[in-house]
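Biologist: I've got a model open on my screen and I'd like to learn how to read it. Can we go through it together?

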Amino acid sequence: MPLGLILGLGRAMRRKRTSSLDILSSKRGPRDYYKGKNCKSTGFHTRKGGYVVMNEKLPNYVVPDLTDFKLKPYVSQCPREVKTTEATDTAK
């Protein structure tokens, strides 16, 4: 009996611990638990069930002026292989 207890405690100590994010999920939590996807709120709920969007909480993207930029904003899904002399010189 004591040997089985000691072996069981040893197995429990060796068991891999889960990260803190996996401990409570929407499947393991209470029935009305909603974990979310780690995103910021853009406003707040009112008492009567409405939602007020706050402009201070909306994301603000700063995009530079790209009028004379040489590259295109498109990236091909099937790129061509281009052999350069620099890549072959460094490989030797």
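Modeller: Sure. This is a predicted model, and we can start on its surface: Y61, V63, L66, F69 and L71 make a nonpolar patch of about 640 Å².

Biologist: Where does V63 lie?

Modeller: In the loop between β2 and α3, the helix at 85-91.

Biologist: And why does V63 count as exposed?

Modeller: The cut-off for exposed is over 50% relative accessible area. V63 has 66% relative accessibility, so it counts as exposed.

Biologist: What share of the protein's residues is buried?

Modeller: Here you look for residues under 20% relative accessible area. In this protein, buried residues are 2% of the 92. The protein exposes about 10,500 Å², with 58% of that coming from carbon and sulfur atoms.

Biologist: How do the elements run from the N terminus on?

Modeller: The order is α-α-β-β-α, which gives three helices and two strands.

Biologist: Where is confidence lowest, and where is it highest?

Modeller: As a general idea, predicted coordinates should not be read in detail where pLDDT is low. In this model, helix α2 (residues 20-23) has the lowest confidence, a mean of 58, while strand β2 (residues 51-53) has the highest, at 95. Averaged over the protein, pLDDT is 78, and 80% of the residues score at least 70.

Biologist: My usual bench worry is cysteines. How many disulfides does the structure hold?

Modeller: For a disulfide, you'd want two cysteine sulfur atoms within 2.5 Å. The structure holds zero of them. C39 is exposed, at a relative accessible area of 66%, and C78 is exposed too, at 65%.

Technical notes: Residues are numbered from 1 along each chain as its sequence is written. This is a predicted model: local features need pLDDT of at least 70, side-chain atom pairs count only at pLDDT 80 or more; totals for chains, interfaces and linings use all residues. Side-chain values use heavy atoms; hydrogens and water are left out. Helices (H or I, at least four residues) and strands (E, at least two) are DSSP runs, numbered from the N terminus. Buried means under 20% relative accessible area, exposed over 50%, partly exposed in between (1.4 Å probe, protein chains only). Accessible areas come from the Shrake-Rupley method with a 1.4 Å probe; for residues, only the protein chains shown count as cover. pLDDT is the predictor's confidence in each residue, from 0 to 100. Patches are made of residues with over 30% relative accessible area and no salt bridge: like charges are joined within 9 Å, nonpolar side chains (Val, Leu, Ile, Met, Phe, Trp, Tyr) within 5 Å. A salt bridge is a side-chain nitrogen of Lys or Arg within 4 Å of a carboxyl oxygen of Asp or Glu.
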